Amino acid sequence: MAIRSRKRFGQNFLTDANIIQQIVSAINPAPTDHILEIGPGRGAITNLLVGSCHLDLVEIDRDLVERLETLYPGVTIYSEDILKFDFSRLRSPAPIRIVGNLPYNISTPLLFKLFSHSERIEDLTFMLQLEVVDRITAQPSSKNYGRLSIMSQYHCDAEKLFQIPSSAFTPRPKVESALIRLTPRRNPTLVANDLELLGQILVAAFSKRRKTVRNALASHLSGEDLQRLNIDTGLRPENLSPDDYVRCANYLSNK
Ligand code: SAM
């Protein structure tokens, strides 16, 4: 039977049994884990998680929720949009683990939402568009480095686990995917006093990534400010480390 798939919910279902097994081995569920799966769909990953941990599901597509309720009678299923989900409803004394083969259109806003709850999260294991994984893990001075790399690496240690070919899905997406693990950093070396300000500085810097830092950050910091921060004003925004940007934001918030 053909699999019905709703494009607006980014439904590309995993159908390659070996890849599904590899993903679940990477998650490595334990009986004491409380795992939240986002977008279980037709249950490709869920089938191998259920029974091996405490599992909750969040799925936006009501038709799929009905199916999931029949398949997994003991599991709590939230029939909701994860972008509107209130994480305090998950009654778990310990930080939770979050997994999912994410719809590509919500991955960036979802990551930013999850970063703001990182104290409640043990780790995130997500399948994302390869390009997004490369942006998250990019190092300074590389072409993929930008706002997403800096915010992700400020909040989490990020590890690209493995690539997944588009042939592993039905229907087959136009892009390649990769599995990534993000582990919230409990003791960051440098703490940002004002995350919103850090975000604003990053938007300014990377909307003008071809300019020098001096020009790109002119609306926030003068050349003198940058010198005080020991930042070479001739560098480009992509040459600064995440810590450099946190230092800029803290300097401004203390001023
Ligand atoms: N986990 C399944 C698999 O691997 O085959 C399905 C993955 S499919 C790429 C994405 C799933 O997320 C779909 O089931 C879709 O309905 C669901 N979804 C899309 N947007 C969502 C949202 N905002 N909140 C919760 N679930 C969502």
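Which of the 22 residues around the ligand come nearest?

1. Let's start with that one. The residues that come nearest are Leu 14, Gly 39, Glu 59, Asp 81 and Asn 101, out of 22 around the ligand. Keep in mind as you look that this is a predicted model.

2. Leu 14 deserves a second look. Besides being on that list of nearest residues, Leu 14 has a backbone N or O atom 2.8 Å from an oxygen atom of the ligand.

3. Two other residues are worth clicking on. The side chain of Gln 11 places an N or O atom 2.9 Å from an oxygen atom of the ligand. With Pro 40 the backbone is involved: an N or O atom there sits 3.4 Å from a nitrogen atom of the ligand. As for how covered the ligand is, taken alone it exposes 590 Å², and the protein buries 98% of that.

4. Now zoom out to the domains. The protein splits into two of them, with domain 1 covering 12–184 and domain 2 covering 195–254. Measuring tape aside, their centres, taken over C-alpha atoms, are separated by 32 Å.

5. How do the two domains meet? On the domain 1 side, twelve residues are in contact with 15 residues of domain 2. Together the domains bury about 1000 Å² between them, and 72% of this is on carbon and sulfur atoms. In domain 1, the residues that lose the most area to domain 2 are Tyr 145, Arg 147 and Ile 150, which together make up 46% of what that side buries.

6. What about polar links across this boundary? There are five residue pairs in polar contact between domain 1 and domain 2, counting pairs with both residues at pLDDT 80 or more. The salt bridge count between the two domains, on the other hand, is zero. On the side of domain 1 that touches domain 2, the residues divide into five nonpolar, five polar and two charged.

Technical notes. Residues numbered from 1 in each chain as written. Predicted model: local features only at pLDDT ≥ 70, side-chain atom pairs only at ≥ 80, totals over all residues. Heavy atoms only, no water. Domains from an automatic or database assignment. Contact = heavy atoms within 4.5 Å. Buried area = accessible area lost by both parts, 1.4 Å probe. Salt bridge = Lys/Arg side-chain N within 4 Å of Asp/Glu carboxyl O. Polar contact = N/O pair within 3.5 Å; in protein donor to acceptor, adjacent residues only side chain to side chain. Nonpolar A, V, L, I, M, F, W, Y, C, P; charged D, E, K, R; others polar. Near = heavy atom within 4 Å. Areas by Shrake-Rupley, 256 points an atom, 1.4 Å probe, with all protein chains shown as cover.
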